[in-house]
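Hi everyone, thanks for coming. I'd like to walk you through one small piece of work today, so have a look at the screen while I talk.

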Amino acid sequence: MSHTIDMDECMDILYRRFGKDQLESKVSEFMSKDVDGDMDITFSEFASMDIKSRRMARGTQPSGMG
């Protein structure tokens, strides 16, 4: 197990969640979080992105940010 999400896995996950119409933009958004540029998303990169995404969806800011 690699403990990463590669481009194919990313596309599969996002297609299932957002559908064909949003796939390209979501893949670009998701892969832009690849901090080290290896085209794989590590769990820590994913978790950081997911937390930010959930906060934005709820309209909340991290503590001390607003």
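Before anything else, one term: when I say two residues are in contact, I mean that they have heavy atoms within 4.5 Å. Keep in mind too that this is a predicted model.

Let's try that term out on Asp40, which lies in strand 2. What is Asp40 in contact with, leaving aside its neighbours within four places in sequence? The list is Thr4, Ile5, Asp6, Met31, Asp34 and Glu45. Look at Asp6 in that list: Asp40 and Asp6 are 34 residues apart along the chain, yet their C-alpha atoms are separated by 4.5 Å. As for accessibility, Asp40 counts as partly exposed, because its relative accessibility is 22% and buried means under 20%.

Okay, let's zoom out. The protein chain has three helices and two strands. Starting from the N terminus, the order is β-α-α-β-α. There are 66 residues in the chain, and buried ones make up 18% of them. If you take the contacts with a separation of 6 or more, 34% of those come from residues 24 or more positions apart. The accessible surface is about 5300 Å², and carbon and sulfur atoms account for 53% of that.

Now the inside. In soluble globular proteins, nonpolar side chains tend to be buried together. Which residues make up the largest nonpolar core here? There are nine: Ile5, Cys10, Leu14, Leu23, Val27, Phe30, Met31, Ile41 and Met49. Helix 1, residues 7-18, and helix 2 each supply at least two of them. The largest share comes from helix 2, with four residues.

Let's take helix 1 next. Its twelve residues should span 16 Å at 1.5 Å a residue, and the end C-alpha atoms are indeed 16 Å apart, so the two values agree. Remember Asp6 from a moment ago? Asp6 caps the N-terminal end of helix 1, with a side-chain oxygen 3.1 Å from the backbone nitrogen of Asp8. Just after the helix comes Gly19, with a positive phi of about 85 degrees.

Helix 3 is the one I'd like to spend some time on. It covers residues 43-58, 16 residues in all, and from its first C-alpha to its last it reaches 22 Å, close to the 22 Å expected. Which residues of helix 3 are buried? Glu45, Met49 and Asp50 are. They cover an arc of only 125 degrees around the axis, so they sit on the same side of helix 3. Here's a handy rule to go with that: an α-helix has 3.6 residues a turn, so residues three or four places apart point the same way. Over on the other side of helix 3, Phe43, Ser44 and Arg58 are exposed.

And what do the buried residues of helix 3 pack against? Their partners are helix 2, residues 20-31, and strand 2, residues 40-42. Take Met49, for example: not counting residues up to four places away in sequence, it touches Phe30 and Lys33. Right after helix 3 there is Gly59, and its phi is positive, near 75 degrees.

Let's stay with Glu45 in helix 3, since it brings us back to where we started. Glu45 counts as buried because its relative accessible area is 9%, and the cut-off for buried is under 20%. A polar atom of the Glu45 side chain lies 2.8 Å from the backbone nitrogen of Thr42. Not counting residues up to four places away in sequence, Glu45 touches Lys33, Asp34, Val35, Asp36 and Asp40.

Two of those neighbours, if you recall, have something to do with each other: Asp34 and Asp40 were in contact as well. Where is Asp34? It sits in the loop between helix 2 and strand 2. With 9% relative accessibility, Asp34 counts as buried. Beyond four places in sequence, Asp34 touches Met39, Asp40, Ile41 and Glu45.

Last stop, Met39, which is found in the loop between helix 2 and strand 2. Its phi is near 65 degrees, a positive value in a residue other than glycine. Met39 counts as partly exposed, at 44% relative accessibility.

That's my tour. Thanks for listening!

Definitions and conventions. Residues numbered from 1 in each chain as written. Predicted model: local features only at pLDDT ≥ 70, side-chain atom pairs only at ≥ 80, totals over all residues. Heavy atoms only, no water. Expected span 1.5 Å × (residues − 1). Buried < 20%, exposed > 50% of the residue type's maximum accessible area, 1.4 Å probe, protein only. Arc of directions from axis to C-beta. Areas by Shrake-Rupley, 256 points an atom, 1.4 Å probe, with all protein chains shown as cover. Core = buried A, V, L, I, M, F, W, Y, C linked by side-chain atoms within 4.5 Å. Polar contact = N/O pair within 3.5 Å; in protein donor to acceptor, adjacent residues only side chain to side chain.
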